[in-house]
Amino acid sequence: ASKNAEVGDVINPMMGGLSPTSGVVTLMDFSRVKIEIGVSSQDISRIAKGQTALLHVDSFPDRVFNGRVSIVNLAADSSTKKFEVQIVADNPGLLLRPNTFGEVTLEISTHEDALVIPQKAVLENRYVFVAQEDDTVAKKEIYLGLQNTDMVEITSGIEEGNLVVVEGNYGLEDGAKVEIIEEIQ
């Protein structure tokens with residue numbers, strides 16, 4: 001990763017110049033990387049060692065790097081008020097580099113066969129508009145379950161097969177006429 005001396009240099013730790021920790025060269029194994037994240041006090045109780053973590057970086061937008069939580073600090077940092085969590089992720093092809101920034105998604109909980117819709121379809125965390133057969137919309141109150149950055153689980157209020165308005169739902173009123181341009185599964 002770095003070369004701290006040149007051929008012909010005289011190295012004597014007693015003379016200074018090189019610190020005892022810097023050495024002549026720095027070698028790194030990039031096959032696995034350590035990721036450090038800060039977690040709030042509200043979320044730290046939901047994170048445990050061994051938990052699955054997914055890493056996304058801007059330099060590889062279509063790639064997901066898989067990892068696992070390796071360390072969950074028990075004490076918060078006094079300046080940031082966050083708990084440090086370390087994740088170890090595989091680095092196939094040595095694509096990830098030190099000090100790269102990205103986004104980590106931790107799998108907290110999952111529900112099999114859950115009814116999910118896009119986050120942007122939900123208004124005020126309380127309701128959605130559902131398209132009716134007569135080309136109008138009905139405002140339906142819903143109850144939310146698990147959520148991630150893109151999708152939200154609906155525990156009640158709508159059923160599988162309902163057509164939920166995702167685009168253009170702001171400003172709609174119950175009973176308004178709509179035109180369905182595209183259905184997304």
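## Exercises on packing and charge

Phe65 has a relative accessible area of 2% and counts as buried (under 20%; exposed is over 50% and partly exposed lies in between, with a 1.4 Å probe and protein chains only). The model is predicted, so local features need pLDDT of at least 70 and side-chain atom pairs count only at pLDDT 80 or more, while totals for chains, interfaces and linings use all residues. Residues are numbered from 1 along each chain as its sequence is written, and side-chain values use heavy atoms, without hydrogens and water.

**Exercise 1. Classify the pairing of the Phe60 and Phe65 rings, then that of the Tyr127 and Phe129 rings.**

Step 1. Apply the rule: rings of Phe, Tyr and Trp (its six-membered ring) pair if their centres lie within 6.5 Å; planes under 30 degrees apart are stacked, over 60 edge-to-face, the rest tilted. The count by this rule is two aromatic pairs.

Step 2. The ring centres of Phe60 and Phe65 are 6.4 Å apart and the planes are at 75 degrees, so this pair is edge-to-face. Phe60 is partly exposed at 27% relative accessible area.

Step 3. For Tyr127 and Phe129 the centres are 5.9 Å apart and the planes at 90 degrees, so this pair is edge-to-face. Tyr127 is buried at 11% relative accessible area, and Phe129 is buried at 2%.

Step 4. Check Tyr127 for a charge over its ring (NZ of Lys or CZ of Arg within 6 Å of the ring centre and within 35 degrees of the ring normal). Lys139 lies over the face of Tyr127, 4.1 Å from the ring centre.

**Exercise 2. Describe the largest nonpolar core and the strands that supply it.**

Step 1. A nonpolar core is a set of buried Ala, Val, Leu, Ile, Met, Phe, Trp, Tyr and Cys residues joined through side-chain atoms within 4.5 Å. The largest has 17 residues; Ile35, Ile37, Val85, Ile87 and Leu106 have the most contacts inside it.

Step 2. At least two of its residues come from each of β3 (32–39), β4 (52–57), β5 (60–76) and β6 (83–90). Strands here are DSSP runs (E, at least two residues), numbered from the N terminus.

Step 3. Beyond neighbours within four places in sequence, Leu106 has contacts (heavy atoms within 4.5 Å) with Ile37, Ile47, Thr52, Ala53, Val69 and Ile87.

Step 4. Apart from the largest core lies another, of 10 residues, including Ile117, Val122, Val128 and Ile142.

**Exercise 3. Find the partners of Asp90, Asp43 and Glu167 in salt bridges.**

Step 1. The structure holds six salt bridges (a side-chain nitrogen of Lys or Arg within 4 Å of a carboxyl oxygen of Asp or Glu).

Step 2. Asp90 pairs with Arg32 at 3.2 Å, N to O. Asp90 is in β6 and Arg32 in β3, so the bridge ties together parts 58 residues apart in sequence.

Step 3. Asp43 pairs with Arg46, the closest N and O atoms being 3.3 Å apart. Asp43 is partly exposed at 31%, and Arg46 is partly exposed at 48%.

Step 4. Glu167 pairs with Lys120, the closest N and O atoms being 2.7 Å apart. Glu167 lies in the segment after β13 (163–164) and Lys120 in the loop between β8 (116–118) and β9 (127–131), so parts 47 residues apart in sequence are tied together.

**Exercise 4. State whether Glu153 is buried or exposed, and what it touches.**

Step 1. Glu153 lies in strand β12 (residues 151–156).

Step 2. Glu153 is buried and has no salt bridge; Arg46, the nearest side chain of opposite charge, is 11 Å away. Lys and Arg count as positive, Asp and Glu as negative; His and the chain ends are not counted.

Step 3. Not counting residues up to four places away in sequence, Glu153 touches His111, Ala114, Leu115, Val116, Tyr143, Leu144, Gly145 and Leu146.

Key. Helix = DSSP H or I, 4+ residues; strand = E, 2+ residues; numbered from the N terminus.
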